[in-house]
Amino acid sequence: MNERLNVYQRKDGRFEGRLTLGFTEGKRSYKAFYGKTAEEVTEKMLEFRRTGSVAGVPAAALPLAPSSVTASTASTSPLTTSTVLNPAIEKMTFGTVYAEWFYSVTYRVKESTAASYTHKADKHVLPTFRDTPILEITQYSIYQFIKSLQDSGLSNRYICDILVLVQSVFRYAARTYRIFNPMDGLIKPRTPKPELNLLTPEEDAKLLKIVVKNPDSTMLGIALARFTGLRVGEVCALQWSDIDFNRQTLRVSKTVQRVRITEGVSGKSYNEWLAGADENQNAVRKTKLILTDPKSETSKRVIPIPRTLLDYIKKFYTEETDDDTFVLSGTSKPLEPRTMQMRFARVLEKANLPSVHFHSLRHYFASLCIKLGFDVKALSEILGHSSVEITLNRYVHTSFDMKVEYMNRLKMK
C-alpha cells in the first residue's frame, strides 16, 4: 500500500499530517502529527513509519511502503512538489552516505577544509556511525553521541564543530534521498565565549623592548603580528614581494597550514576514490605543510605598515634579498606556524612573561587600536573580517581600567 503523506496548514497556523492506521468497523482510523512547519510534520511522519507503534501494533504492520509527499501550502514550504522516498537509502549506512557527501564537496572546498573534515570524521564520527543504517539514526542517537564526546574530554566548542560536519551529511541525505533529518531542531551544547589571556600594557612594553634590542626572524614575526594583527599562518606566509616599501604597505594573499594528507578525488570516479579511501581508512595519516588561500575572501587585504614597524622591517632587507623568499625563513620554504608559536613561547619564558598564545598579539592589537580611536570599520578591514560585529565581539577586549576611565568622563556639571 502506497499512502501519500498529506501535509496541510490549519487555520491556527500550525501544520498537520495524518497516517492511516487501519479500519475499525469499516471506518478509517488515523494518527495525527502536528508541527510549526510542513517539513517538521513530514519528518515526524517518516520517523513514525520507521519506528513507531500504536496500541501494540508493531511498526512493520503499519503502512510503511515508500510514498510520495505533498504539501497543500506550496507557498510556505519547500516541499512543493511530489517526491518519492528513494528505496536505495533503506540499505545505506551512514558511512556510505558520508562518502558520497565528501566526494561531492571536495571539489569546492580548500584542501585544509577537506583535511579537517577527514580528521573529524575518521577520529570521532565514523567510529560511532559508520556501519549504522542512516535511517536508524535518531535525535536520541545524536544526543548519546554528544554525551560520549563530552565524556571523552572534548570541549563543547569542538563538539559543535563536529556536529556541523554531521549536519552537513544529513542535509545532503535529506536533499538527495528525502529522509528524516535528526539534526533539525537538535539542541547543541552551549559554547561560552572562551577567555583569552592577554599581556598587560606593562608586559607588552617589556616584550617590545626585547623585540627592539634583539632583532632576528623570531622578533620580526612577533613585531608583524603585534603591529598589523596578522594571524600566525599569514605571518609565516609573507614573502618579500608582499611588502611594498615605497607605498608602505603589506599584502596578505596566502597563509601557511599543516594539514593531514587526504585521498584526493581529482580525475577519479566515485567508486575509484571510495576504494582508495577504504584501503587507507586505518592507515597512519601523514601531514604536509601547504601554502593556501587565507581564511576567507575578506582576509585577502592590503595593510598600511606603521612607520615604526617599517623601519624595523628594513633591517632584514638588503639589495641582495630575493623577493620570492619568505620573510621569516629567509628561504624558498615558509616557516611552519607551530615553529613560530614555540619560539614565541620561549621568548616569553626567557623574559619571565606570562604564557599567552601567539594569537593573543592579534587580540592585543585590535584592543589597542580601539583604545587609540581607530574607526571600527577600518580596523575590521585591517584584520580581514567580513563584518564589524566580528571585530567587536571576538577581538576587542576592554580592560577594567579602561571602563573606569570611560565612567569617570561622566560629569555632573
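Which residues lie nearest the centre of the largest pocket? The close-ups below, all taken from a predicted model, begin with that view.

**View 1. The largest pocket and its lining.** Asp-161, Arg-231, Gln-257, Lys-295 and His-359 are the residues that lie nearest the centre of the largest pocket, out of 33 that line it. Helix 3, helix 5, helix 8 (232–237), strand 8 (255–260) and helix 14 (388–395) each give two or more residues to this lining. The space inside comes to about 1400 Å³. If you are thinking about chemistry, the lining divides into twelve polar, eleven charged and ten nonpolar residues.

**View 2. Helix 3 against helix 5.** Here helix 3 (residues 111–129) packs with helix 5 (residues 156–177) at an angle of about 100 degrees, and their axes are 10 Å apart. Because of that angle, the two helices count as roughly perpendicular. On the helix 3 side, the contact is made by Tyr-117, His-119, Lys-120, Ala-121, His-124 and Val-125. Helix 5 answers with Tyr-158, Asp-161, Ile-162, Leu-165 and Val-166. Seven of the residues in this contact are nonpolar, two are polar and two are charged. You may recognise Asp-161 from the pocket view, where it is among the residues nearest the centre.

**View 3. Glu-381 and a partner distant in sequence.** Glu-381 is found in helix 13 (residues 376–383). Its relative accessibility is 46%, so Glu-381 counts as partly exposed. Also shown is Ile-303, which is 78 residues from Glu-381 in sequence. In space, the C-alpha atoms of Glu-381 and Ile-303 are 8.6 Å apart.

Definitions and conventions: Residues are numbered from 1 along each chain as its sequence is written. This is a predicted model: local features need pLDDT of at least 70, side-chain atom pairs count only at pLDDT 80 or more; totals for chains, interfaces and linings use all residues. Side-chain values use heavy atoms; hydrogens and water are left out. Axes are lines fitted to C-alpha atoms, for helices over the stretch in contact, and angles run from 0 to 180 degrees between N-to-C directions. Helices (H or I, at least four residues) and strands (E, at least two) are DSSP runs, numbered from the N terminus. Angles under 35 degrees count as roughly parallel, over 145 as roughly antiparallel, 65 to 115 as roughly perpendicular and the rest as oblique. Contact means heavy atoms within 4.5 Å. Ala, Val, Leu, Ile, Met, Phe, Trp, Tyr, Cys and Pro count as nonpolar, Asp, Glu, Lys and Arg as charged, and the others, Gly among them, as polar. On a 1 Å grid over the protein atoms alone, a cavity is a set of points where a 1.4 Å probe fits but cannot get out, and a pocket is an open set with protein on both sides within 12 Å along at least five of seven lines; lining residues have an atom within 4 Å of a point. Grid points are joined across faces, edges and corners, and a volume is the space filled by probe spheres set on the points. Buried means under 20% relative accessible area, exposed over 50%, partly exposed in between (1.4 Å probe, protein chains only).
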